[in-house]
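Me: Please take a close look at a single strand in the structure below and at the strands that surround it. I should like one connected account of its pairing, its side chains and its place in the sheet.

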Amino acid sequence: MLVRGERCLFANLGFSVSSGELLVLEGRNGSGKTSLLKTIVGILEPDDGELRWNGQPVRRHRQAFLASAAWLSHRTGLKPDLTAIENLRFESALRPTRVRDLEEALERLGVLRLRKLPVRALSAGQQRRVSLARMLLASAPLWLMDEPFTNLDREGRALVEELVCEHVGSGGLCIMAAHQDVSIDVPTTRLRLQ
Amino acid sequence: MWKWFHQLASPPHFFRLASVLIPWLAWPGYALIAYGTFAGLFVAPPDYQQSDAFRIIYVHVPAAYLSMMAYMIMAIAGGIGLIWRMKLAHAVAASAAPIGASFTFLALASGSVWGRPMWGTWWEWGDPRLMSELLMLFLYIGYMALRSAIDDTTKADKASAVLALVGAVNVPVIHYSVEWWSSLHQGATLIREGGPAMDAAMLYPLLANILGFSLVFGALLLRRVRSEVLRREGRTRWVRELVLAPGDSA
Amino acid sequence: MKNGSARTPGLLDGFVATLRRDLLLAWKRPGDVLNPLFFFAMVCTLFPLATGPSVQQLQFAAPGVLWVAALLAMLLSLNSLFLADHEDGSLEQLLVSPQPLVVLALGKTFAHWLTNGLPLVVLSPLVAVAFRLPGATIQVLMLTLLLGTISLSLIGSIGAALTVGLHRGTALLSLLVLPLAMPVLIFGTRTVSLAAAGDGYAAGVLALAAYALGALSLAPYATAAALRVSNE
């Protein structure tokens, strides 16, 4: 249960996601998709209820859970004054990273040639690609994505779908909030928030 | 013990308990204050140094004591609310702040009135007690400002609890630093508050007033917490039943 | 070294990375570092202008003036400690990083002290000379500012964390931090005054050092807790 202000956003919500699965949170604006994601990743504290990761309550094993979760918010989470590569380097000092080569992650997202520019000089879509590169960099089995398609062109959207497909296909988990229809070729559960 | 703790923390149970307790705190409190104030003003002998001016201590000392007490209650309640996620504790902290600030103001005002005949000035910078009280008032102001700046009640509760705890750790340091600061001036000589040197006829009314003020403080606090709980639980069923129940004065 | 096995960074990595990132940011935006310094110099200039150029008076007031100006300059810079991170979402990324938030908050606070506190200590002798303080007193002044600004950064980071994301947070920040900063101000100014008068001042320095140590061990936890609350 999560109460925001005077309003109870959701109560009696129960769901589970297992590896190799995509969970899509659907619902209109203000239905609590972002809040639910933020509750899962621990930015918001649930008023009631419990979250388990690998059967362990997350509240007690916060660090271990966070090491296996990556969070893509609607804000970039990048420092605009730093270059893409500097931003990624900072991230790789904070969490276990899979791809040692930061440039490989940027190349995957098609923004390698922009690596020496300060992030503020990039377009919104390009900034989002850098955020996605940071997510790719983290060797986290759980991806939490808040509206990952925002600001992206068709090519970028296809790329996100491809990345999610690959991630989930190789045994990862992904929970994604989206207000438009998402159809990715992986086992998908849909949760509609009122 | 835990069962009792949880039962107390349940808002409807607390509400009933508070309603029973308030008169039991308030009336003895008023009676003690009446005795203490009367005996203090008319029965106690005048001080050989300060003559009648010392009589302000019957207000000043209890107020100063409660200004500290309320801050400690606020910090402890905030800590309990943070650690055990007890909502009632946050309601207690929120209610204690304005009462504590009022007593701090009362202590400052009475101290200043006392300073007029003693030092010939309404405000003596060199007195560490007045300075401590002033800083105490600033701490309360900061606490209440933070609380009112945050719209979300849950968030305001937690943020102000953190601040109250930080403040509580700082209070002894502030006292010590102010003492040290004023000891470097050739400061005003201080009133001997309490202590064995005090005449019994002076001391008992003071003790009566301290106890009386504390009881009234307790009653005021419970009253505020009661209405705070009502405000916060406005959406729940027990409040609706309570408000709609005919003939039951809430 | 592609697709090498995951390397788990340690506590020091998080601290150093945060520190390095904030120093790099300060390097790229020197105005953020310089403005509080100019502010410090200007506030110090206000006092002689307001009270007159009498040397004796200035010498007497110097410890207080310099300390108050330093306190206000620190306060000015504290406002932006977490604000930019909050706005671009990188604060959220710090919250969800597997590194303990306390360590990251300490890294940011240390960077704040290096970019705002330490420059004040370095600049203070210039102003002190203008106020005709003797050399021995200036050394004591620098020592107290060194210890005091550490405490101010630490205490201030709690206030900055509590007010981040609030409307009109600047004024609120001052209301929260100033009462907490009073002991530092008192110890700092009194110690310098005692030194100027030729009295023993060791107690004041020790008190400042003790306060800095206490703040160092407690404040980061409060800052981390406050950051979590502010981002809810």
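Reply: In this predicted model, strand 3 (residues 21–26) of chain A runs parallel to strand 8 of chain A, and five bridges join the two. Within this pairing, A:Glu21 lies opposite A:Leu173 of strand 8. Strand 8 (residues 173–177) of chain A is also joined to strand 7 of chain A by five bridges, again in parallel. Here A:Met176 of strand 8 is the bridge partner of A:Met145. Between these two strands, the chain leaves strand 7, passes through helix 6 (residues 154–169) of chain A and enters strand 8, a β-α-β crossover that is right-handed.

Strand 7 (residues 142–146) of chain A merits particular attention. Five of its five residues are buried, and the strand is mostly covered. From strand 7, A:Leu142, A:Leu144 and A:Asp146 point one way, while A:Trp143 and A:Met145 point the other way; all of these residues are buried. Strand 7 is further joined to strand 6 (residues 69–72) of chain A, with four bridges and a parallel course. In that pairing, A:Leu72 stands opposite A:Met145 of strand 7. A:Met145 thus has A:Leu72 opposite it and A:Met176 of strand 8 as a bridge partner.

These pairings belong to an open sheet of five strands in chain A, with the order 6-7-8-3-9 and parallel pairing. Its edge strands are strand 6 and strand 9 (188–192) of chain A, each of which pairs on one side only. From one strand to the next, the twist averages 15°.

How values were computed:
Residues are numbered from 1 along each chain as its sequence is written. Chains are lettered from A and ligands numbered from 1 in the order in which they are written. This is a predicted model: local features need pLDDT of at least 70, side-chain atom pairs count only at pLDDT 80 or more; totals for chains, interfaces and linings use all residues. A residue is buried if 20 or more other C-beta atoms lie within 10 Å of its own, exposed if 12 or fewer, and partly exposed in between; C-beta atoms are placed from the backbone. Two strands pair if DSSP finds at least two bridges between them. A crossover is right-handed if, with the strands pointing away from the viewer, the path from the first strand over the helix to the second runs clockwise. Axes are lines fitted to C-alpha atoms, for helices over the stretch in contact, and angles run from 0 to 180 degrees between N-to-C directions.
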